[in-house]
Each structure stands twice: as C-alpha cells, then as structure tokens.
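User: Could you walk me through this one? I'd like to start with a loop and then move on to the ligand.

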Amino acid sequence: MEHITQAIHTDIADADDMHAEYLALTSAYDFDSAEEASARFSGKQPGNVYSRFTNPSVEMFERRLAAMEGGESAVGVASGMAAYLAIAMTFLKQGDHVLLASGIFGTTTHLFRQYFGQFGITATSVQVDNMEAWETEFRPNTKLIVVESPTNPMMKVADFSALSRLARRHDALLVADNTLLSPIFQKPLELGADIVLHSAGKWMDGQGRCVGGALVGSHALMQPLKAYLRSSGVCMSPFNAWVFSKGLETLEARLNWHQRGAEKIFNWLKSHEQIESIYCTYDPAHPNADVIKRQQSGHCPIITFKIKGNQKTAWQFINALKIVSRCTNIGDAKSMITHPASTTHCRYTDEEKQRHGLSDNLLRICVGLEDPFDIMDDMAQAFKLVGDVTASSNLQSECFSI
Ligand SMILES: *Cc1c(COP(=O)(O)O)cnc(C)c1O
C-alpha cells in the first residue's frame, strides 16, 4: 500500500464509529484498578498514562507521519525547535561536537551556538553542498550532522547519501530537517538519514494555525527521545496533533497545487527585467541540479530572488503588494513575502549575510494556493510602482497580462 493511503487510513487504535478521527482532548487517564495504574506507570502494560508523553491524538499523528516518511516510529513534540532540543538533550553530552549545514534555519544555529555552547557542546558550520568541507571539518568528537535541504532562503541542496556515508564511517548521526519538502517530495530516511525532523506548523498544517514539531526514525532512536519527552515536557498538544493529522491527509494534494503555482510564477519571474538573480530548485541551471533530480520528487514552492536596486527598493516592493502577505512564515494557503536580511536572518553579522548571499535586495516568496496569475498580477503592479519610483534607473515593467 502506498504511504499516503496507509497514513490516511491510520486511526486511533480503539476508535468508535466516528468517520473523522476523534480529538483526545484529555490530560489524564482513568485506570480500572490500582494494579493497572501501577502496570502502566512501570511500562509493564501498554496504555496511556498522562498526556505529557502519551495521548491517542498525538499517537495517531505520529503513526501517520512515520508511515509517510517510511520510518518505524515518530515522536510529536511542541515545535520544530523543541525537536532540535530533544535531539541534543538525548544524544549529546559535554565535549561533543556538531556539524551544522550553513544557511540552516537561523534559530537552529542560535540554539546550538548560544545554548548548547553553555554546556560545552561546540558547533561548526559547513557549506551545505561542499562534501570536501564536510570531510575536513569532521572531528573525533563529532556526534551529529544536522542538515536542512533545500536551505531557506537560498535553496542550496545537500547530498544526503554522501553525508550518510560520512556519518556512518564516523559513527555519527545524520539529522535531516525535512520541513521544506515534506515526505511528499523527499524521504531522507531512504537516502540514509538516521532521523528526520519537522516543523509541523508549516506544510503539515498548511494553513498557519498551529505550532508543532516531529522526529521520525528507527524504534531504537525514537525510544530514548520518547523517554526524554516524558522528563522534559516539550510535548505536542493533542489539538495541534489532530490538526496536523488532518493536514497529512491533504498534504500531497496541496503540495502538488502549491508546486504547480510556484512553477508558473518562477517561469515568469526568472526573465523579469527587474530581477537580478533567482534561487529556486525548479531552476534547471541550479548548481546542484543532479542531486535535486536524484533525491527530490518535487519542489518546495519557495522562490528567492534579488530585485534590482537596494534595501529601499526591496521594502518598497513588499509594501506595494496587495494580495501577497507580509509574513515571515512558510507553508500557508496564502502567499507570503519576506525580506530575510532584516527579519529571519537579522541576527546574522554583516559578514555572515554576505557569505550566505543574504543581500539587502533579496526577497523570498512562499507561494500559496491562490490562482498564480493573481499573484503575478500583484507582483507586476509592485514592480511597476518600484520601477516608477526608481525612474532614474530607467526600469520599465509592462503589466503582466493573463
Ligand atoms: C520553522 C522551521 C523550524 C522551527 O520550527 P518551529 O516549529 O517554528 O519551532 C525549523 N526548521 C525549519 C526548516 C523551519 O522552517
């Protein structure tokens, strides 16, 4: 059975005759006897104990996601960042070293450098698509490789198979943040990753309502993570788990629709005269086009581009948009635009911004589910306005016609 079919038909174990899955909105559970309570607490008998670490709605989400990623087991947690926290607390100790892909989600870098650094864990950033650098930076105490592919917003791609061979050789764990592509377009476990990580509030929710995170992998790796969850309390809310479970049912349908719209917008945008450069995995001229072909079955509907001009031009463009939301999130039915240098990546130093290509005229659009031609029209009127404002540069844009 296909993974998606299996996921859609995964229900709460002893569900009643409701067709839609019920929401297990409960913190605690009623035991039949003192003996049963004791047996469940000690783990001698399976069953729910307390929703900090077991809840039927959360478990349904975990089983659905594990099926879709092709993993044995999954653990739902409070957020994507809580998933990183759980990994570090479970698998790292003082003196360990971590390799982080450069250009990874800014808060992830901050968490490792600032907070885990306080406990004697060191981290080095490595250019995501430079295998030689990964080899060189490996140390005897390197325990974890953390990669996100493609990276956001620059859409650089990591070669998971090559990285997994490297990790295996050194007995380190390869963690793949699969938030941007989801299991629909990429299955890192099949490519050799040990653990897949998700920020569930992006594509899984798909409509920007809930915050949540998840980890997927073998029983052997998920079991200690579950034990950590019991002691730490970074748990997923049952309500959020229910929303994500329903989101997983429509994930493939939605992502194909997002992708279709984004491809149209990319093809229009790439030759626009007010564009300096464009970054997107749809691009046949992408420097890692061969890896993309090998490991992705689709594309993340994020398009990053440099508008001709400077920060002022970029901000004018954002402010002129009428349909596209000014929002730094990704994975919503509504198209959103952001200026990474002054928002998501504002904690980067000027040198880091330059190294990662996060220039002042860089913009990122995450394409929603609207009619793509309406988004193009909206962008066309914003380009025209910006063109008129910067008339000295002689830029003229014709309005896009449907
Ligand atoms: C949003 C995001 C995170 C963080 O997840 P939260 O759920 O916001 O904590 C981690 N990785 C990637 C790629 C993200 O986009």
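User: Is Gly47 buried, partly exposed or exposed?

Analyst: Gly47 counts as partly exposed because its relative accessibility is 38%, where buried means under 20% relative accessible area, exposed over 50% and partly exposed in between (1.4 Å probe, protein chains only). This is a predicted model, in which local features need pLDDT of at least 70 and side-chain atom pairs count only at pLDDT 80 or more, while totals for chains, interfaces and linings use all residues. Residues are numbered from 1 along each chain as its sequence is written, and side-chain values use heavy atoms, with hydrogens and water left out.

User: Where is Gly47, and where is Asn55?

Analyst: Gly47 is in the loop between helix H2 (34-42) and helix H3 (56-69), and Asn55 also lies in the loop between H2 and H3; helices (H or I, at least four residues) and strands (E, at least two) are DSSP runs, numbered from the N terminus.

User: What does the side chain of Asn55 contact?

Analyst: The Asn55 side chain makes a polar contact of 3.1 Å with the side chain of Ser51. A polar contact is a pair of N or O atoms within 3.5 Å; within protein, one must be able to donate a hydrogen and the other to accept it, and residues adjacent in sequence count only if both atoms are side-chain atoms. Asn55 is buried because its relative accessible area is 3%.

User: Switching to the ligand, which residues are around it?

Analyst: Among them are Gly80, Phe105, Glu148, Asp177, Ser199 and Lys202, a residue being near if one of its heavy atoms lies within 4 Å of the molecule.

User: What lies close to its polar atoms, in Å?

Analyst: A polar side-chain atom of Asp177 is 2.7 Å from a nitrogen atom of the ligand, a polar side-chain atom of Ser199 is 2.8 Å from a ligand oxygen, and a polar backbone atom of Gly80 is 2.8 Å from an oxygen atom of the ligand. Taken alone, the ligand exposes 380 Å², of which the protein buries 89%, by the Shrake-Rupley method with a 1.4 Å probe.

User: Back to loops: which peptide bond at Pro150 or Pro153 is cis?

Analyst: The bond from Ser149 to Pro150 is cis, with omega near 0°, and a cis peptide bond also joins Asn152 and Pro153, with omega about 10°. Pro150 lies in the loop between strand E4 (142-148) and helix H7 (160-169), and Pro153 is found in the loop between E4 and H7.
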